[in-house]
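Reader: I would like to go through this structure with you and ask, for each label you attach to a residue or a strand, what the label rests on.

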Amino acid sequence: MGGSCVQRRPASRLQVLFSFLLPLFYPALCEPIHYSIPEELAKGSVVGNLAKDLGLSVLDVSARKLRVSTEKLLFSVDAESGDLLVKDRIDREQICKERRRCELQLEAVVENPLNIFHIIVVVEDINDHAPQFHKDEINLEISESVSEGARISLDPATDPDINMNSVKDYQINPNPYFSLMIRVNSDGGKYPELSLEKLLDREEQRSHRLILTALDGGDPPRSATTQIEIFVRDANDNFPVFSKDEYRVSVSENLPPGSSVLQVTATDKDEGVNAEVNYYFRSTAQSTRHMFSLDEKTGMIKNNQSLDFEDTERYTMEVEARDGGGLSTQCKVIIEILDENDNNPEIIITSLSDEILEDTLPGMVVVLFKTRDKDFRENGEVVCNIGRDIPFKIYSSSKNYYKLVTDGPLDRE
């Protein structure tokens with residue numbers, strides 16, 4: 001195919017006329033209208049008066065067939081008032097998953113003349129989820145030789161809500177042996193740890209039971225609890241030590257399922273059962289645990305499923321090495337997914353004129369469309385082409401948005 005999105009030809013009088021008509025379309029295509037709503041609004045709730053914000057009268061709403069175009073039919077336009085209404089349930093966690101900023105992009109379309117306006121609806125989080133622990137009971141084994149001040153990592157609670165509505169604090173019931181410390185990672189995540197305040201004596205007390213509570217930052221806060229059962233074992237005075245504090249690897253998204261991704265290694269200076277090290281996932285999201293498996297004996301991490309860069313670019317997990325005496329240490333594992341050019345470009349028609357008169361002047365908008373490619377960087381760049389020697393031209397109106405316009409006389413016969 002010949003041609004391109006931008007064709008250079010000597011200017012004619014018709015092209016000069018077309019250049020004066022273009023500003024009529026630019027403001028709509030280049031300056032989006034912003035709205036902000038909380039998630040879970042009732043169906044029929046008003047997002048904003050779209051007609052007013054577009055500078056249209058109430059009569060224009062029906063006369064110019066004001067409507068919204070989007071791949072997911074979450075919104076509609078009231079034909080009488082021009083209000084933008086919620087049409088279906090909007091669940092931020094379902095739509096945007098773990099993204100911090102949740103934006104829905106849609107287009108408003110009017111006719112006579114045909115035009116398009118970009119709309120961005122920001123969906124704000126509400127505290128509609130309580131924290132949740134992975135297990136109802138956490139079992140720990142701690143040697144009686146562990147010194148005061150030692151810290152024991154605990155599995156954190158998860159909460160699909162974000163910002164203030166996510167997990168903000170942990171508490172344990174008062175006891176003479178343990179206090180609770182909270183470790184804050186670089187990403188702001190909070191992880192509970194037990195701190196030993198008094199030496200353990202297996203002959204005096206063989207086990208300890210605690211209740212761990214997680215609270216989010218809502219008002220009022222939501223909470224979850226799990227029981228911690230601590231079994232005291234005889235002396236084991238060396239912790240396992242990983243060869244690295246942080247393991248990092250990059251793999252292609254085309255890596256077949258069942259492939260070896262990374263192996264973590266920890267050693268223990270003790271002998272016998274106290275030197276036998278097993279590996280476990282800790283502080284790791286359920287989605288990551290489903291995607292990867294960890295061999296408890298060798299520390300080998302493999303992918304259980306096909307990887308998809310467009311779905312997840314990076315997986316972060318924490319691996320615990322625990323010896324036979326119950327002592328443990330942790331390391332961080334980061335798996336970067338490399339993009340492959342595995343997605344075809346897409347053309348999405350946002351508006352199409354039903355018919356064109358053969359005496360239509362050049363510059364008439366026939367089709368409004370956008371392009372999309374889910375791949376990253378150069379793999380996601382899309383170039384539009386149109387055949388030569390036809391009375392139409394593609395014009396790039398904004399990033400990934402195009403107009404197909406007439407570019408010469410039309411003759412139906």
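Reader: Which residues are linked in a network of salt bridges?

Author: The model is a predicted one, and in it Arg-151, Arg-183, Glu-193 and Glu-318 are linked in a network of salt bridges. A search of the whole structure finds 22 salt bridges.

Reader: What makes the contact between Arg-314 and Glu-336 a salt bridge?

Author: The closest N and O atoms of Arg-314 and Glu-336 are 4.0 Å apart, and the criterion asks for a side-chain nitrogen of Lys or Arg within 4 Å of a carboxyl oxygen of Asp or Glu, so the pair is listed as a salt bridge. Arg-314 lies in strand 22 (residues 314-322) and Glu-336 in strand 23 (residues 328-338), so the pair ties together parts that are 22 residues apart in sequence.

Reader: Why is Arg-314 called partly exposed, and what is the relative accessible area of Glu-336?

Author: Partly exposed is the class between under 20% and over 50% relative accessible area. Arg-314 has 46% relative accessibility and therefore counts as partly exposed, while Glu-336, with a relative accessible area of 23%, is partly exposed as well.

Reader: How do you know that Glu-111 and Lys-65 meet in a salt bridge, and where in the chain do the two residues lie?

Author: Their side chains come to 3.8 Å, N to O, which is within the 4 Å that the criterion allows. The pair links distant parts of the chain, since Glu-111 sits in the loop between strand 6 (103-110) and strand 7 (115-124), whereas Lys-65 sits in the loop between helix 4 (58-63) and strand 3 (67-69), 46 residues apart. Glu-111 has a relative accessible area of 21% and is partly exposed, and Lys-65, at 49%, is partly exposed too.

Reader: Are Glu-107 and Lys-370 buried or exposed, and what makes the two a salt bridge?

Author: Both Glu-107 and Lys-370 are buried, a class that requires under 20% relative accessible area. Their side chains meet at 3.6 Å, N to O, within the 4 Å limit, and the pair links distant parts of the chain, with Glu-107 in strand 6 and Lys-370 in strand 25 (residues 365-372), 263 residues apart.

Reader: Why does Val-167 count as buried, and which residues does Val-167 touch?

Author: Val-167 has 13% relative accessibility, and buried means under 20%, so Val-167 counts as buried. This residue of strand 10 (residues 167-172) touches Pro-131, Ala-157, Thr-158, Asp-159, Lys-190, Leu-215 and Asp-216, if residues up to four places away in sequence are not counted. Val-77, by contrast, is 90 residues from Val-167 in sequence and 37 Å away in space, C-alpha to C-alpha.

Reader: How do you know that strand 11 and strand 12 pair, and what is the order of the strands in their sheet?

Author: Pairing requires at least two bridges, and strand 11 and strand 12 (residues 190-196) have 7, in the antiparallel sense, so the condition is met. One position of this pairing sets Leu-180 opposite Leu-194 in strand 12. The open sheet has 3 strands in the order 9-12-11, with antiparallel pairing.

Reader: What makes strand 9 and strand 11 edge strands?

Author: Strand 9 (151-153) and strand 11 (178-184) each pair on one side only. Neighbouring strands of this sheet are turned by 35° against each other on average, with direction ignored.

Reader: Which strands pair with strand 21, and which residues form its covered face?

Author: Strand 17 (residues 260-263) pairs with strand 21 in the antiparallel sense over 3 bridges, and 3 bridges also join strand 20 (residues 292-294) to strand 21, again antiparallel; at least two bridges are needed, so both pairs qualify. Met-300 in strand 21 is the bridge partner of Gln-263, and Lys-302 in strand 21 stands opposite Ser-293. The covered face of strand 21 (residues 300-303) consists of Ile-301 and Asn-303, and the uncovered one of Met-300 and Lys-302. Strand 20 and strand 21 form a hairpin with 5 residues between them, where Gly-299 in the turn has a positive phi of about 80°.

Terms used:
Residues numbered from 1 in each chain as written. Predicted model: local features only at pLDDT ≥ 70, side-chain atom pairs only at ≥ 80, totals over all residues. Heavy atoms only, no water. Helix = DSSP H or I, 4+ residues; strand = E, 2+ residues; numbered from the N terminus. Buried < 20%, exposed > 50% of the residue type's maximum accessible area, 1.4 Å probe, protein only. Contact = heavy atoms within 4.5 Å. Axes fitted to C-alpha atoms, helices over the stretch in contact; angles between N-to-C directions.
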